[in-house]
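Me: I should like to learn how the features of a protein model are read, one at a time. Could we work through a single case together?

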Amino acid sequence: VVPDGRLRYLPFEALVASGREEGGRPVFWAESVAISYAESVAAALGGQPWRASGGWLGARGPAILAVGCSDGIRCDNRSRQVKRFFKPLAYVQREVGALARLFAGDRVTALIDEEAGEARFKALELSRFGVVHLAAHGVIDDTDWWRSALLLRPDAENGEDGFLTALEISRLEIGRSLVVLSGCGTGAGRLYEGEGILGLSGAFRRAGAGPLVVSLWSVDDRATATLMERFYRGLAAGSSAAEALAGAKREMIKAGYGNPFFWASFVLMGNAADPSGGQGEAGRAAASIR
């Protein structure tokens with residue numbers, strides 16, 4: 001899907017099939033198709049499909065970086081006008097732990113809480129990872145998009161305040177990694193005509209990232225951990241990123257998380273190839289909607 005204007009804030013997976021119900025509940029588009037999003041028709045049809053360096057995520061795939069920070073910063077007091085407070089994320093350790101179990105061996109580098117410092121993250125050779133997963137609070141600044149940030153562990157000795165800002169992200173060398181931003185509103189931000197939504201997702205694109213999995217609104221901690229575990233289980237089985245995310249959403253619906261609040265927020269931005277080298281159902285057709 002290539003959305004225009006305010007439709008960029010809409011997860012099309014949550015649209016309801018007209019007149020269809022199952023067990024007294026509506027049937028969502030997510031239950032029948034896998035959807036990915038692109039900034040333009042040219043990007044959707046002309047861009048090279050993403051394939052993780054070193055192979056797919058099956059039996060022998062690329063290195064994976066999983067960062068989880070449950071309680072790094074309690075208050076965003078960078079502005080005198082607005083202060084934001086954050087509760088600990090109780091399920092971040094479970095989320096990162098599940099990812100590490102799914103991909104055995106030395107393929108997963110897991111940094112949790114005390115190890116999830118901003119300085120340590122920046123010091124990593126990020127381009128060597130095929131997948132970069134970040135589970136942390138996200139802050140979007142609609143006035144100055146470059147002040148949007150992911151909240152990691154502060155490191156005063158190295159001059160890092162824990163706010164990994166969009167400006168800092170844009171200067172990193174991510175490579176063509178699949179980047180998963182597992183936090184609140186990580187795909188939100190202010191819409192700029194001709195540039196799209198600028199914020200954390202825009203910063204990672206500027207850093208050269210491949211496809212992005214981002215959220216469009218504040219998410220539930222427990223439901224997110226469950227969704228992510230099912231998403232990575234699909235990747236480990238050899239599914240494309242689009243099919244794995246779609247499958248995770250279907251499982252969430254069947255497991256009792258029927259309200260789109262719990263599963264529709266996370267969307268895939270970019271062109272992700274399936275393990276056979278094609279583009280999956282989501283890559284075979286693009287719809288431009290205004």
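Reply: The turns below take up the overall make-up, the cysteines, one backbone angle, one buried arginine and the enclosed spaces of this predicted model.

Me: How many helices and strands are there in the protein chain?

Reply: Such a count gives the first outline of a fold. Here the protein chain has eight helices and 17 strands. Of its 290 residues, 52% count as buried.

Me: What share of the contacts in the protein chain joins residues at least 24 apart?

Reply: The question concerns separation along the sequence. Taking the contacts between residues at least 6 apart in sequence, 73% join residues at least 24 apart.

Me: How many disulfides does the rule count?

Reply: A disulfide is counted where two cysteine sulfur atoms lie within 2.5 Å. By this rule the model has zero disulfides.

Me: Is C69 buried or exposed, and what is the relative accessible area of C184?

Reply: The term buried applies under 20% relative accessible area. C69 is therefore buried, at 2% relative accessibility. C184 has a relative accessible area of 25% and is partly exposed.

Me: What should be noted about the phi of D113?

Reply: The general idea comes first: most residues other than glycine have a negative phi. D113 is not a glycine, yet its phi is positive, at about 50°. The residue is found in the loop between β7 (108-112) and α3 (118-123). With a relative accessibility of 7%, D113 counts as buried.

Me: Where is R8 placed, and is R8 buried or exposed?

Reply: For a charged side chain, one reads location, accessibility and partners together. R8 belongs to the loop between β1 (2-3) and β2 (16-22). Because its relative accessibility is 17%, and buried means under 20%, R8 counts as buried.

Me: Which side chain forms a polar contact with that of R8?

Reply: The side chain of E39 does so, and the polar contact is 2.9 Å. Setting aside neighbours within four places in sequence, R8 is in contact with P3, E39, L191, G196, I197 and L216.

Me: How many cavities of 30 Å³ or more does a search of the whole structure find?

Reply: A cavity is a space that the probe cannot leave, whereas a pocket is open. The search finds two cavities of 30 Å³ or more. The largest cavity has a volume of about 140 Å³. Two elements, α5 (200-206) and β16 (266-269), each give two or more residues to its lining. R8 and E39 both appear in this lining, along with P3, L10, Y37, G187, I197, S201, R205, L216, V267 and M269. By class, the lining has seven nonpolar, two polar and three charged residues.

Me: What is the volume of the second largest cavity, and which residues line it?

Reply: The second largest cavity has a volume of about 50 Å³. Its lining consists of E13, A30, V33, A34, I35, A242, L245, A246 and K249. Seven of these residues are nonpolar, none is polar and two are charged.

Me: How do the residues lining the second largest pocket divide by class?

Reply: The same reading applies to an open space. The second largest pocket holds about 210 Å³ of space. Its lining divides into two nonpolar, two polar and seven charged residues. The residues concerned are D76, R78, S79, V82, R84, V139, D141, D142, T143, D144 and R147.

Terms used: Residues are numbered from 1 along each chain as its sequence is written. This is a predicted model: local features need pLDDT of at least 70, side-chain atom pairs count only at pLDDT 80 or more; totals for chains, interfaces and linings use all residues. Side-chain values use heavy atoms; hydrogens and water are left out. Buried means under 20% relative accessible area, exposed over 50%, partly exposed in between (1.4 Å probe, protein chains only). Helices (H or I, at least four residues) and strands (E, at least two) are DSSP runs, numbered from the N terminus. A polar contact is a pair of N or O atoms within 3.5 Å; within protein, one must be able to donate a hydrogen and the other to accept it, and residues adjacent in sequence count only if both atoms are side-chain atoms. Contact means heavy atoms within 4.5 Å. On a 1 Å grid over the protein atoms alone, a cavity is a set of points where a 1.4 Å probe fits but cannot get out, and a pocket is an open set with protein on both sides within 12 Å along at least five of seven lines; lining residues have an atom within 4 Å of a point. Grid points are joined across faces, edges and corners, and a volume is the space filled by probe spheres set on the points. Ala, Val, Leu, Ile, Met, Phe, Trp, Tyr, Cys and Pro count as nonpolar, Asp, Glu, Lys and Arg as charged, and the others, Gly among them, as polar.
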